[in-house]
Amino acid sequence: MRDFHLPGRSAVFAENGLCATSHPLAAKTAISLLEQGGNAVDAAIGAAVLLGICEPQMTGIGGDCFALIHDPARNEMVGLNGSGRAPKTLDPSDLRDQGWTTMKAGHPAAVTIPGAVDGFCRLHGDFGRLDMAEVLTPAIRYAEEGVPVSPRTSFDWHLGANNLIGRARNLYLINGAPADPGDRFSAPFQAEVLRRVASDGRKAFYEGEIAADMVASLRSLGGMHTLDDFAETSSTYITPLQTKYKDWQLFELPPNGQGAAAMLMTGILSHFDLPSLEPFGANRAHIETEAAKLAYDARNRFVADPNHVSRLDHLLDPRTAERLAALIDPNRALPTPTPLAEDVHKDTVYLTVVDRDRMAVSLIYSVFHKFGSGLASDKFGILFHNRGSGFNLIPGHPNEAGGGKRPMHTIIPGMIREPDGSLMPFGVMGGHYQANGHARFLTNLADYNLFPQAAIDAPRSFADAGELRLERGYGPNVSAALAEMGHKIVTPPEPIGGAQAIRIDATKGHLQGASDHRKDGCALGY
């Protein structure tokens, strides 16, 4: 139990249904959809689409999604890869001939086909209970009427405003400036897109006038996208990966996401006696940092499009984790591995919903950088993500950019099965941090017996681009001790990621929700 003398959040308990998101309006929308008779998939889609209006710098219908769904009625766990592919004519040799050494984040070449809308429509068609029009009604209303901008959203808006280019500046700035807290943001152009999707399904987005607007806009900016690229977009059902950390079971999605890196990192950490270390002290932070460096180095070498990924079995082999763990010096920092894709902080929304039947949805949805590519379509104002920035331009590399390929993705939904059978859908936002964040959340639970809210609230660190970023939740003595070990310590300008989780208690039967204070959101139940 937390110390009620100190700032913090209490867990949210409910019986019939619960949602945890990064914005209160989205959480409320999810609960309302459950109360109307919808299930967890309906609620998750309705909340996710609304988050594109509440947090447009983080996500939107021009982005990608991934989902993990546990359906007790079918006694199965399924994964959905809702990430889009590069245009078929994308040729990395042409980019190298132009002098490119990495993908350019604000160029149409970095815009892969948005996959989220297809993913949402497929999930709804296979699992949903309400009509799509009912599911999208809240997002349509808020897109038209507007949403008051919340504090963390405004903070990120200011950080990302310079990424906006051309038409996008007119649509995503307010009177030419980033949104301040309390400013009202509306997107009536997106409301019309959502009405058409509600009426005609995925075809309304990937064919016809909306697709033509996206293709014409991208081509006018130098892209090579075609109507066929959009029409052929299709999300994919995939079998989740699973591994054990002590007596705890971790479920992740296979590549092109980085879930395998989270599994490798937990495997490395299993070779250390973490419970003997102070939970928020220097030694634990050091071991975690070194494990992350090694896991991410492997990720950068091997994780790619599912049809091109190499040595996935090697990444998941316990002997690989054991050998990498042996490389860690408990008193000295390893060199930072060379990144094979650009390595700046990215932006995402994650949400989770559980309904009265205990269907659980773990869903993550993103435009990658703040405001994605910074490019928007001319007529409907659809903001394009830049997931193609996840490719590299190394000839012959599994994750080399190429026509029809999916790039390596940072966004990963997760689930945990506890030793007592309790199930917990969870996710951690924060771009590249996410694999590290999954491992930290799990070890906070398993090794330090923290409740989900406390596990989320705990301070975070992350080794990125040659620096060890420490949140201010760590004391100065920890920073000094880590510097002595050879880490270059910095305080990041923004907190490291965010997280949401719901625990389905196998013993008492109730739901326990947790939501990160680093975001504007909350957990709500009924």
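This is a short tour of a predicted model, with a suggestion at each stop for what to select.

**Stop one: the sheet**

Start by selecting the strands β1, β18, β17, β13, β12, β9 and β8, which form an open sheet of seven strands in that order, with antiparallel pairing. Its edges are β1 (12–14) and β8 (241–245), each of which pairs on one side only. Going from strand to neighbouring strand, the average turn is 20 degrees, direction ignored.

Now zoom in on β13 (residues 423–429) and β17 (residues 498–504), an antiparallel pair joined over five bridges. Pick F426 and look across to β17: the residue opposite is A501.

Next, add helix α16 (residues 433–448), which packs on the sheet. This helix touches β8, β9 (248–252), β12 (413–417), β13 and β17, and its direction makes about 140 degrees with that of β13.

**Stop two: a covered helix**

Select residues 259–269 to bring up helix α12. How many of its eleven residues are buried? The count is eleven of eleven, running from G259 and A260 through to I268 and L269. To see what lies over them, show β8, β9 and α16 again, then add α13 (282–302), α14 (312–316) and α15 (318–325); these are among the elements that cover the buried residues of α12.

**Stop three: aromatic rings**

The structure holds eleven aromatic pairs. Begin with F120 and Y365, an edge-to-face pair with 5.0 Å from centre to centre and 75 degrees between the planes. Since F120 sits in helix α4 (residues 116–127) and Y365 in strand β11 (residues 360–368), the pair ties together parts that are 245 residues apart in sequence. Both F120 and Y365 are buried.

Then move to W157 and F185, whose ring centres are 5.3 Å apart and whose planes stand at 75 degrees, so this pair is edge-to-face. W157 belongs to helix α6 (residues 151–160) and F185 to strand β6 (residues 184–185), 28 residues apart. W157 is buried, with a relative accessible area of 0%, and F185 is buried too, at 2%. Add Y172, F189 and F371 to your selection: ring pairs link them with W157 and F185 into a cluster.

**Last stop: a buried lysine**

Finally, select K519, in the loop between β18 (511–515) and β19 (522–525). Which side chain of opposite charge is nearest to K519? That is D156, 4.6 Å away; K519 is buried yet has no salt bridge. Leaving aside neighbours within four places in sequence, K519 is in contact with R9, S22, M58, R152, M429, G497 and G498.

Methods: Residues are numbered from 1 along each chain as its sequence is written. This is a predicted model: local features need pLDDT of at least 70, side-chain atom pairs count only at pLDDT 80 or more; totals for chains, interfaces and linings use all residues. Side-chain values use heavy atoms; hydrogens and water are left out. Helices (H or I, at least four residues) and strands (E, at least two) are DSSP runs, numbered from the N terminus. Buried means under 20% relative accessible area, exposed over 50%, partly exposed in between (1.4 Å probe, protein chains only). Lys and Arg count as positive and Asp and Glu as negative; His and the chain ends are not counted. A salt bridge is a side-chain nitrogen of Lys or Arg within 4 Å of a carboxyl oxygen of Asp or Glu. Contact means heavy atoms within 4.5 Å. Two strands pair if DSSP finds at least two bridges between them. Axes are lines fitted to C-alpha atoms, for helices over the stretch in contact, and angles run from 0 to 180 degrees between N-to-C directions. Rings of Phe, Tyr and Trp (its six-membered ring) pair if their centres lie within 6.5 Å; planes under 30 degrees apart count as stacked, over 60 as edge-to-face and the rest as tilted.
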